[in-house]
There are 2 protein chains.
Amino acid sequence: MVTLEDVARHAGVSLATASRVLNGSTRQVGASLRAKVELAAAQLGYRTNVAAQTLARGASNVVGLVVHDLTDPYFAALADGAMRVAENQELMVMVGTTHRDPQREIAYVSTLNAQRVRAVLLAGSRTADQEVTRRLREELDRYRESGGRVACVGQDLLGVDTVAPANREGAAALARALARLGHRGFAILAGPEGLLTARDRVAGFTAALDELGLPAPLVLHGSFDRDGGYQAATRVSGVTCVFAVNDVMAVGALAAFRDRGIRVPEDVSVAGFDDIPTLRDLVPALTTVRLPLARMGARALELALDVAEEARVVSVAGEVVLRESTRALD
Amino acid sequence: MVTLEDVARHAGVSLATASRVLNGSTRQVGASLRAKVELAAAQLGYRTNVAAQTLARGASNVVGLVVHDLTDPYFAALADGAMRVAENQELMVMVGTTHRDPQREIAYVSTLNAQRVRAVLLAGSRTADQEVTRRLREELDRYRESGGRVACVGQDLLGVDTVAPANREGAAALARALARLGHRGFAILAGPEGLLTARDRVAGFTAALDELGLPAPLVLHGSFDRDGGYQAATRVSGVTCVFAVNDVMAVGALAAFRDRGIRVPEDVSVAGFDDIPTLRDLVPALTTVRLPLARMGARALELALDVAEEARVVSVAGEVVLRESTRALD
DNA sequence: GCAGACTTGGAAAACGCTTTCCAGGAGGTT
DNA sequence: AACCTCCTGGAAAGCGTTTTCCAAGTCTGC
């Protein structure tokens, strides 16, 4: 293990000089000494010990990213966006996966706090469980008191910088668009009861139908993933249009309908939410509400890194995209 | 920022005792002191400074994971598998994305070395560029000399623990299965020339056709992603079966054929490789060679963590899965 | 030439932990 | 009762950096 001291000795300079040459300081170092140090470092194969550096500087160059499920294209897209801005800033990214367990989110914040990461990014829906949210806030506050920065993609519930997708509005716009196609009987594949993103979308969709004077939709709960969509879709009947509160659930629903011999969109129309990238290659192509996922991830990390007095909330609008999976009723 | 010393003082014990209580040591501490320390830590909201701990211990509890593209389901699945074993071992995961640039892989190894991560996992195909590979090996050797562990998912080229998918054999088996269906004229959507995984699959497929006395396939290069598959597929003609060297390319090919009005499998059969999870919901369901991706990622990290004298190579067989995208010729 | 203002290099004190020694006391054995 | 051993607690020496002071030059402009 070659240390900075080894380099300094080998180059015949002081530790201070070696440090200044190798690890970006504001101080100037004469050309000849600088060259000596660089040569010595190269010859010895010196590699900065980041732990020591972090300790001495009191600041690390890693950020934490907590997602629900990395294999879900929604989170993969968010993560990708965030990681690109991290790369530009020469930051490393530490990733934690909660596997949809809100408790694990708290544990990760605690761990990332211990790591003294520069910023923590919480991606994904908040939970309706007040107690969990309270404990998460507590943990976040502790982290922020010691100088940590936090941003969140999801509901603005934590008092931190937040990129908040307009779930209600997006779902409402989708409902109106579908109603315009002539649909009257709707089912919602609603996701878990405790998930706020799911709730908001259900609420927005339902409220819009109500405003239009249409009958209340059939609400079927299930898990927030592909299989949840599949399961819920097996219980659908007597409607002309199904709204899955996210795209992966819609994909599951498509599969379920296929297995049941129900044609989409001839027998039933299907719409999702998010516009995950993999969507465009489905048959039929899925109607959805587009969210700029990568941009949202990137924006969230930017917010976190850009220190500000007040917590900022950036609302992101969704854009209804009608594709083949929904048809106009004649 | 509350330090261990604050806790020790607050509890009226020495630094050593506080350390032993809070950060898992082999040494016993009497029940009463232990309680005092724990109380003090809780009251003050103490959080270990991992950087200091890492420095003092000379060992960190993070592992590095380098992937080509996190939004590619192939890598998401590998990463997920690896991250699950990391979670079980209480390790944090630092993720780097090369965006398919082999040079960035070297840079990441260097950075992860500086972080003194316990192990680094290189996921994804090696490159045919000898010079880049040499420099990567150099960087890896430097890291390993200072006690780092390395594992790789891909070709066994780095002299480290490797989980090596049987690309040649899998592709050959696929070729034979397709030939058995009566296909004689093949095209291969071959990926980039410099990517060894792509090469191996092309080679295996081609060799098998040759052994069967069938004409050599049409080989079309393109990028290793969805769009590469799409592009390459636009140049396909005069064959009954197309083999895309990975699933995302096959998905692109499906889209291209759809756009060109070519029916799959009626007009042309399509097969991929990997069996990414999103595949099962495509129409038509894609014939492919199944690789246990999550298990491979997990296994690789296990290998890296389990110190051994010799570098081990675990070969992983692929299993041909015939689905609707390939049909038997009459 | 010389006062003053910059530059440049080095010594040494942090940074917050872990762990090796020591020392003292408790318990067990002759 | 004397001697060992074992166990527990604390002092202090690192771990590898950064950075604050100092000191010693090197330039300016008069």
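In this predicted model, the element that gives the most to the surface near DNA strand C is α4(B), with five residues. That surface is made up of 28 residues in total, and those closest to DNA strand C are A:Gln28, A:Gly30, B:Leu4, B:Asn23 and B:Ala56. Two or more residues each come from α2 (15–22) and α4 of chain A, and likewise from α1 (4–11), α2 (15–22) and α4 (50–57) of chain B.

DNA strand D is also surrounded by 28 residues, of which A:Leu4, A:Asn23, A:Ala56, B:Gln28 and B:Gly30 come nearest. Here the elements that give two or more residues are α1 (4–11), α2 and α4 of chain A, together with α2 and α4 of chain B. The largest share of this surface, five residues, comes from α4(A). The table sets out the classes of residue for the two DNA strands and for the side of chain A that touches chain B.

| Surface | Nonpolar | Polar | Charged |
|---|---|---|---|
| Near DNA strand C | 14 residues | 11 residues | three residues |
| Near DNA strand D | 14 residues | 11 residues | three residues |
| Side of chain A that touches chain B | 21 residues | 13 residues | five residues |

The two protein chains also meet each other, with 39 residues of chain A in contact with 39 residues of chain B. On the side of chain A, at least two residues each are supplied by α4 (50–57), α5 (73–88), β2 (92–97), α6 (102–114) and α11 (247–260). One of these elements, β2(A), is joined by three bridges to strand β2 (residues 92–97) of chain B, and the two strands run antiparallel. Within this pairing, A:Val93 stands opposite B:Val95 in β2(B). Strands of a sheet pair through backbone hydrogen bonds, and the pairing may be either parallel or antiparallel.

Inside chain A, the helix α2(A), which also gives residues to the surface near DNA strand C, packs with helix α3 (residues 31–44), their axes coming within 9 Å and crossing at roughly 80 degrees. Angles of 65 to 115 degrees count as roughly perpendicular, and α2(A) and α3(A) are therefore roughly perpendicular to each other. On the α2(A) side the contact is made by A:Thr17, A:Ala18, A:Val21 and A:Leu22, while α3(A) brings A:Leu33, A:Arg34, A:Val37, A:Glu38 and A:Ala41. Sorted by class, the residues of this contact are six nonpolar, one polar and two charged.

Chain B contains an open sheet of four strands in the order β7-β6-β8-β9, with parallel pairing. Because β7 (218–220) and β9 (269–271) stand at the edges with a single partner strand each, one side of each is left without a neighbour in the sheet. From one strand to the next the twist averages 20 degrees. Strand β8 (residues 241–244) pairs with β9(B) in the parallel sense over three bridges, and the bridge partner of B:Val242 in β9(B) is B:Val270.

B:Val270 appears again among the contacts of B:Thr326, a residue which, leaving aside its neighbours within four places in sequence, is also in contact with B:Leu178, B:Leu181, B:Cys241, B:Pro265, B:Ser269, B:Ala271 and B:Thr287. B:Thr326 is found in the segment after β12 (319–321) of chain B. Is B:Thr326 buried or exposed? A residue is buried if 20 or more other C-beta atoms lie within 10 Å of its own, and B:Thr326 counts as buried because it has 25 C-beta neighbours inside 10 Å. One of its contacts, B:Leu178, lies 148 residues apart from B:Thr326 along the chain, yet the C-alpha atoms of the two are separated by 7.8 Å.

Technical notes. Residues are numbered from 1 along each chain as its sequence is written. Chains are lettered from A and ligands numbered from 1 in the order in which they are written. This is a predicted model: local features need pLDDT of at least 70, side-chain atom pairs count only at pLDDT 80 or more; totals for chains, interfaces and linings use all residues. Two residues are in contact if their C-beta atoms, placed from the backbone, lie within 7 Å. Ala, Val, Leu, Ile, Met, Phe, Trp, Tyr, Cys and Pro count as nonpolar, Asp, Glu, Lys and Arg as charged, and the others, Gly among them, as polar. Two strands pair if DSSP finds at least two bridges between them. A residue is near a molecule or strand if its C-beta atom, placed from the backbone, lies within 6 Å of it. A residue is buried if 20 or more other C-beta atoms lie within 10 Å of its own, exposed if 12 or fewer, and partly exposed in between; C-beta atoms are placed from the backbone. Axes are lines fitted to C-alpha atoms, for helices over the stretch in contact, and angles run from 0 to 180 degrees between N-to-C directions. Angles under 35 degrees count as roughly parallel, over 145 as roughly antiparallel, 65 to 115 as roughly perpendicular and the rest as oblique.
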